[in-house]
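Reader: I should like to learn how to read a sheet, a core and a buried residue in a structural model. Could you guide me through each in turn?

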Amino acid sequence: MTIPYAARMARVQPSAIRELLRLGTDPEVISFGGGYPDPSLFPVAELAQVYADLLTPEHATALQYTASVGLPELRSAVAARLTADGMPAGPDDVLIIQGGQQGLDLAGKLVIDAGDVVVTDNPTFLGALIAFNPYEPRYAPVRTDVDGMDTDHLQQVLEANPDTVMIYVVPDFANPSGVTLSLPRRRRLLELAEAYGVLVVEDTPYRPLRYSGEELPTLKSLDTVGQVLHLGSFSKLLAPGLRLGWAHASPEVLERLALLKLAADTQNSTLNMAATAGYLGRYDLDAHLARVVPVYRHKRDLMLTTLASTLPPGVQFTEPDGGLFTWLTFPPGFDAAAFMAQTLLPEAKVAYVPGATFFPVDHEPNHARLSFSGVPDDRLVHGVSELGRLLTRTLGRT
Ligand code: PMP
């Protein structure tokens, strides 16, 4: 029979990078494609202890339903972290969600009617596009450089698109570009969002992973009018398999998000919330981060120095102060997907994510995203060197 799919399903399609990512799962392939944190850094022993203690008869409530907005202990712990990060909050100002990804879906459901405009960086996080697409927005991407979203261009885009309902931005070490939104641009973005009456969705999963440079205030901490929906995640702080994140916003916005969350999935896993709250109470998350950050800093430095010494002229890369990614820009006309499929994978067994898919509208082919997490040092240096060698050969020919 023919299923009467909703019109929105026309916007829900498998992404073209799936096949390329599948090629990258061959164990012989050195893959810079994944954006996963390094599992060897997860605090497995500590979490094992916490889960073991919870799975006892006296803690059976950890297997029971709980409040849809999240386990009170976890909301309090998140509120304390937000407060320490310049966003004074109590437990009621926190909604626990299934990772930042659910926050994107709920934000889309909250403000996007079909045909409304969503403003994004260019390039932007593919997962955000996937989350927003079913709500049938139009996208208005804003020029993005090493200081993040260009706010002069943002003003033009907002002026030209009166139907804009949301600005989506990853201010700290963006995925895929690795760039950080500068402080003057943070302030200007908020001024513009207020002037044009749009919601700012601030997505911060990489914020705890800073390796260099000065910490900048979150957009939420600069928000005086309740215009920012701040999303955070335990995925890079602790482990993504917990599927835990948080939304922090004005009571008005948070109440509505909570209603949507209840409808979507009732609540997060009580067990995972209790275990994470238990971990936070018993262990020192900041001490854990202090062990993790130098490992990633070393990986970043190794990747950047190897790129600098092996890439041919005409290929640029960003120098992220944190997060997991650097973003390569090849000369105009270069097809990063074809180069990977025809040269890089077959000849060197090296993979990245071709960049076209991260552009909401105009899919520029001459970029790639490289992640420096999770590849051992020797393979990282070898893989990047091979990339440099083959690029030098290919570009030298044209
Ligand atoms: N936002 C960005 C920018 C991301 O890169 C990711 C994950 N890679 C997410 C949100 C969602 O992560 P999670 O749902 O695991 O918190």
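Author: Let us begin with strand pairing, bearing in mind that this is a predicted model. Strands of a sheet pair through backbone hydrogen bonds, in either a parallel or an antiparallel manner. Here, six bridges link strand S3 (residues 117-122) to strand S4 (residues 138-145), and the sense is parallel. Within this pair, Val119 faces Ala140 of S4.

Reader: In what order do the strands of the sheet lie, and is the sheet open or closed?

Author: The sheet is open and has eight strands, in the order S2-S9-S8-S7-S6-S3-S4-S5, with mixed pairing. Strand S2 (94-97) and strand S5 (148-149) are the edges, each pairing on one side only.

Reader: Which helix packs on the sheet, and which strands does it touch?

Author: Helix H9 (residues 251-265) does so, in contact with S2, strand S8 (228-233) and strand S9 (245-248). The directions of H9 and S2 make an angle of about 25 degrees.

Reader: How does S9 pair with S2 and with S8?

Author: S2 and S9 run antiparallel and are joined by four bridges; in this pair, Leu95 is opposite Ala247 of S9. S8 and S9 are likewise antiparallel, again over four bridges, and His230 has His248 in S9 as its bridge partner.

Reader: Which way do the residues of S9 point, and are they buried or exposed?

Author: Gly245 and Ala247 point one way, while Trp246 and His248 point the other; all are buried.

Reader: How should I approach the nonpolar core?

Author: In soluble globular proteins, nonpolar side chains tend to be buried together. The largest nonpolar core in this model has 70 residues, of which Leu74, Phe234 and Tyr352 touch the most other members. Helix H11 (residues 285-310) supplies the largest share, eight residues.

Reader: Why does this core lie between domain 1 and domain 2?

Author: It lies there because domain 1 (7-43 + 287-397) and domain 2 (44-282) both contribute residues to it. As for one of its members, Leu74 has contacts beyond four places in sequence with Ile96, Phe234, Leu244, Met273, Thr276, Ala277 and Leu280. A second, separate core holds 29 residues, among them Ile112, Ala128, Tyr168 and Ala258.

Reader: Why does His288 count as buried?

Author: The cut-off for buried is under 20% relative accessible area. His288 has 3% relative accessibility and therefore counts as buried. His288 belongs to helix H11. Setting aside residues up to four places away in sequence, His288 touches Leu41, Pro43, Leu237 and Tyr279.

Note on methods
Residues numbered from 1 in each chain as written. Predicted model: local features only at pLDDT ≥ 70, side-chain atom pairs only at ≥ 80, totals over all residues. Heavy atoms only, no water. Core = buried A, V, L, I, M, F, W, Y, C linked by side-chain atoms within 4.5 Å. Buried < 20%, exposed > 50% of the residue type's maximum accessible area, 1.4 Å probe, protein only. Helix = DSSP H or I, 4+ residues; strand = E, 2+ residues; numbered from the N terminus. Domains from an automatic or database assignment. Contact = heavy atoms within 4.5 Å. Pairing = 2+ DSSP bridges. Axes fitted to C-alpha atoms, helices over the stretch in contact; angles between N-to-C directions.
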